[in-house]
Amino acid sequence: MNKIRLGVIAMIMLIVSCSDDKDPVPKFETELSEITTFSGGGITVTLYASESFFVGFNKITAKIADDNDNLLNGNISVTPMMDMMEMDHSAPLELPEGNTFSDGKFEFNTVFVMPSGEMGSWTLNFDVNDTKIEVPVTVSQPEYARMVSFVSAMDETTKYFVSLVEPGAPQVGQNDMELAIFEKESMMAWPPVTDLEIEMEPWMVSMDHGSPNNVSPVHDSGGHYLGTVNFTMTGDWQIRLVIKQGGMVCGEPYFDLFFQ
Ligand SMILES: [Cu+2]
């Protein structure tokens, strides 16, 4: 009896160790949808996100593999680029610490500041272990704007880009509120803006009322401002913002949203 049991345990251990040895390559798993895939220079980049790319704050996962689908490691950079007729420009970008990736996985965020179309086309330009690959992507304008831009009323020069990161799926009650704010310093430099004061008021335009118990977003880190927005009913709402710097109003953008 004991000998049989030991034998069974030994067999199980053998099976386990065999299957471990047979599958040394980590599998790439994600809950996200595949948006696009593109190959060049022996590298295949596949991009994943929770929805197709839109004008606003996009969270992107890239799978980096060779042409035989072996996941790669190493050094990486990415630059979003829009090729317009008379000029090229980049966009706000958030990268993880360090310029490395492992097990084929690289996560980053970018704010596409315009839709693809007649005005120009977007690529995500990767440099993977010194191989350059430009991945064409399509960016659409959502029905309700998820990014608004304005020129500062203070200096009439600085252009701010405000993205509504949360709520992504608004509901009746308290919702996490997150804004990401960047400025366009040049065609290539889009740094976060960390020193703004924000007053927020949700407003139901059709019924002309607001709501209690809101917390205006306050800067957390990297140009992300966190607060709470309270919707007392379903329908059409406007999130109205007054954005100030040093006590002076720079702009009063708003987001329209609708939910049932
Ligand atoms: Cu553009």
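The centres of domain 1 and domain 2, taken over C-alpha atoms, are 27 Å apart in this predicted model. The domain assignment places domain 1 at residues 33–137 of the protein chain and domain 2 at residues 147–259. The two domains meet through contacts that join 12 residues of domain 1 to 11 residues of domain 2. On the domain 1 side, β3 (56–66) and β5 (88–89) each contribute at least two of the touching residues. By character, the residues on that side comprise 7 nonpolar, 3 polar and 2 charged.

Confidence in the prediction should be considered before the details. The protein chain has a mean pLDDT of 92, and 90% of its residues reach 70 or more. Residues 12–21 are a stretch with pLDDT below 50, and the model shows 0 contacts for this stretch beyond near neighbours in sequence.

The interior may be considered next. The largest nonpolar core holds 52 residues, and the members that touch the most others are Ile 64, Val 111, Phe 112, Phe 126 and Ile 181. Domain 1 (33–137) and domain 2 (147–259) each give at least three residues to this core. Phe 126 illustrates how residues distant in sequence are brought together: apart from its neighbours within four places in sequence, Phe 126 is in contact with Val 45, Ile 76, Val 78, Ile 133 and Val 135.

The strand around Phe 126 can now be followed. Strand β4 (residues 74–84) and strand β9 (residues 120–128) run antiparallel and are joined by 9 bridges. Within this pairing, Val 78 has Phe 126 of β9 as its bridge partner, and Val 78 is also among the contacts of Phe 126 listed above. Strand β9 pairs in addition with strand β10 (residues 131–137), in the antiparallel sense and over 7 bridges. Here Thr 123 stands opposite Pro 136 of β10. The two strands form a hairpin with 2 residues between them, and Asn 129 in this hairpin takes a positive phi near 50°.

Another group of strands forms an open sheet. Its 5 strands follow the order β1-β2-β3-β8-β6, with antiparallel pairing. The edges of this sheet are β1 (33–40) and β6 (93–94), each of which pairs on one side only. At one of these edges, β6 is joined to strand β8 (residues 105–112) by 2 bridges in the antiparallel sense, and Glu 94 stands opposite Asn 109 of β8. Strand β3, a member of this sheet, also supplies residues to the side of domain 1 that touches domain 2.

Asp 88 belongs to strand β5, the other strand named on that side of domain 1. Is Asp 88 buried or exposed? A residue is classed as exposed when 12 or fewer other C-beta atoms lie within 10 Å of its own; Asp 88 has 12 such neighbours and therefore counts as exposed. Leaving out residues within four places in sequence, the contacts of Asp 88 are Met 81, Met 82, Asp 83 and Met 187. Asp 88 and Gly 120 are 32 residues apart along the chain, yet 8.9 Å separate their C-alpha atoms.

Domain 2 contains a hairpin of its own. Strand β15 (residues 215–221) and strand β16 (residues 224–231) run antiparallel, joined by 4 bridges. His 219 has Tyr 225 of β16 as its bridge partner. There are 2 residues between these strands, and Gly 222 in the turn has a positive phi of about 60°.

The loops of this part of the chain hold some notable backbone angles. Glu 156, in the loop between β11 (147–151) and β12, has a positive phi of about 55° although it is not a glycine. Glu 156 is exposed because 7 other C-beta atoms lie within 10 Å. Asn 213, in the loop between β14 (197–203) and β15, likewise is a residue other than glycine with a positive phi, near 60°. Asn 213 has 10 C-beta neighbours inside 10 Å and so counts as exposed. Finally, the peptide bond from Glu 166 to Pro 167 is cis, with omega near 0°, and Pro 167 lies in the loop between β12 (159–166) and β13 (173–184).

Notes: Residues numbered from 1 in each chain as written. Predicted model: local features only at pLDDT ≥ 70, side-chain atom pairs only at ≥ 80, totals over all residues. Domains from an automatic or database assignment. Contact = placed C-beta atoms within 7 Å. Nonpolar A, V, L, I, M, F, W, Y, C, P; charged D, E, K, R; others polar. Core = buried A, V, L, I, M, F, W, Y, C linked by C-beta atoms within 7 Å. Buried ≥ 20, exposed ≤ 12 C-beta atoms within 10 Å, placed from the backbone. Pairing = 2+ DSSP bridges. pLDDT = per-residue confidence, 0-100.
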